[in-house]
Amino acid sequence: MVQKLNISDFLELSKSIPVVDVRSPREFETGHFPGAVNIPLFDNEERALVGTVYKQISRNTAVLKGLEIVGPKMKPFAEKAQELAINNQLLVYCWRGGMRSASMAWLFEMVGIKTYTLSGGYKSFRRYGKSKLSGAQKIIILGGLTGSGKTETLHKIREKGEQVIDLEKLANHKGSAFGALGQEKQPSNEQFENNLIYQYLQLDASRPIWLEDESHSIGTNWIPGELFDIMRQAPVLKMEIAKSIRIKRLVAEYAGFDPAFLEECILKIGKRLGGQHVKQALERLKSGHLDDVADITLTYYDKSYSFGVDSREKNTVFPVALEQDDPGKNAETLIEFAKTTILHR
């Protein structure tokens, strides 16, 4: 017998049981439960057709049309489900936890697969996740000027047992005009939110969670307002590292990229960098002086980041002086600073 689960139980079982999304491919591509496999009851055109019949004729006529479409596909659906099932179990959801998931769950049960459906469907996952994000409390923001090694330091903080969410990894973007270099295609914004929600839900909300300081958008992805508002109020540990050290890191990070791509990135910030600076940066790029290019572009990035930090409440920003580019040691310093200065306020 098909068993309906609330979102909490569904999330828990999803750690060990495969999840099947039975919505149309277009719905799935827009956003889905992380790790789910798409077995669409209807393809995009079929879904549109059934919806039209439902609106223009009647519900019963739409159901009959749906059965006509699905009938020949039932055997392939069942075979695919049998391939996916682990310990002969599957989790299934659709948009609202209605007929699509119920129909597929019935079919899977008919071939002996213990099947669970999500009450409220995909909408309940989104609603539940955003409500949890809005209640995030022990957030620590890792800040610092461009080239400080924030992302690598964040990873070292995780290695030392702290809870971390790497927003830039979830977005496949480093958050600047140069941020897409070397990255995979960005997910849809909805999928970015879903991946973020899922990762957040795996963490212990009673313990500190570290995130890198970001603007509201990371490339084409936007941090959900529920979390971004909290991030803007959270304490910031601002890494303070000499500009000369930051330049060396940036040269090492971008030296392997095609100069044509770097030129394109410089032009993206042309208006904000200023015509003379753009001209100088492109000339130095052409002559292979990447250290000068980094120095020039930091003129814009340092000013931009400082503006963002200055707009925060002064008592939430904590400068942490760091003498070298050593993410492991810097992580230790930052963790200790957080324990002694922030978490005991």
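Which residue of β5 does leucine 91 stand opposite? Tyrosine 116. Here are my notes on the rest, bearing in mind that this is a predicted model.

1. **Overall picture.** We have 17 helices and twelve strands here. Of the 345 residues in the protein, 46% are buried. Taken along the principal axes, the C-alpha atoms fill a box of roughly 70 × 50 × 35 Å. The accessible surface comes to about 17400 Å², and carbon and sulfur atoms own 52% of that. Looking at contacts with a separation of 6 or more, 74% of them join residues 24 or more positions apart.

2. **β5 and its partners.** I'd begin the tour at β5 (114-118). Strand β4 (residues 89-93) pairs with β5 in the parallel sense, over four bridges, and the leucine 91 and tyrosine 116 pair from the opening belongs to these two strands. Strand β1 (residues 3-5) also runs parallel to β5, with three bridges; there, leucine 5 has leucine 118 as its bridge partner. As for cover, four of the five residues in β5 are buried, so the strand is mostly hidden from the surface.

3. **Just before β5.** The loop between α6 (99-110) and β5 holds valine 111. Is this valine buried, partly exposed or exposed? Its relative accessible area is 33%, so it counts as partly exposed. Val111 also joins Trp106 and Met110 in a nonpolar surface patch of about 320 Å². Membership in such a patch requires over 30% relative accessible area, a cut-off that valine 111 passes with its 33%.

4. **The five-stranded sheet.** A second thing to look at is an open sheet with strand order β7-β8-β6-β11-β12 and parallel pairing. Which strands stand at its edges? They are β7 (163-165) and β12 (317-321); each has a single partner strand, so one side of each lacks a neighbour in the sheet. From one strand to the next, the twist averages 30°.

5. **Inside that sheet, and what packs on it.** Strand β6 (residues 139-144) and strand β8 (residues 209-212) pair in the parallel sense over four bridges. If you want a spot to click on, isoleucine 140 has tryptophan 210 in β8 as its bridge partner. Helix α16 (residues 290-310) packs on the sheet and touches β6, β11 (236-240) and β12. The direction of this helix makes about 150° with that of β11.

6. **Two asparagines worth a look.** Most residues other than glycine have a negative phi. Asparagine 88 goes the other way, with a positive phi of about 60°. This asparagine lies in the loop between α5 (74-84) and β4, and is partly exposed at a relative accessible area of 42%. Asparagine 172 has a positive phi too, of about 55°, and is found in the loop between α9 (167-171) and α10 (189-201). Why does asparagine 172 count as buried? Its relative accessibility is 19%, and buried means under 20%.

Terms used:
Residues numbered from 1 in each chain as written. Predicted model: local features only at pLDDT ≥ 70, side-chain atom pairs only at ≥ 80, totals over all residues. Heavy atoms only, no water. Patch = residues over 30% accessible without salt bridge, like charges linked within 9 Å, V, L, I, M, F, W, Y side chains within 5 Å. Areas by Shrake-Rupley, 256 points an atom, 1.4 Å probe, with all protein chains shown as cover. Salt bridge = Lys/Arg side-chain N within 4 Å of Asp/Glu carboxyl O. Buried < 20%, exposed > 50% of the residue type's maximum accessible area, 1.4 Å probe, protein only. Pairing = 2+ DSSP bridges. Axes fitted to C-alpha atoms, helices over the stretch in contact; angles between N-to-C directions. Contact = heavy atoms within 4.5 Å.
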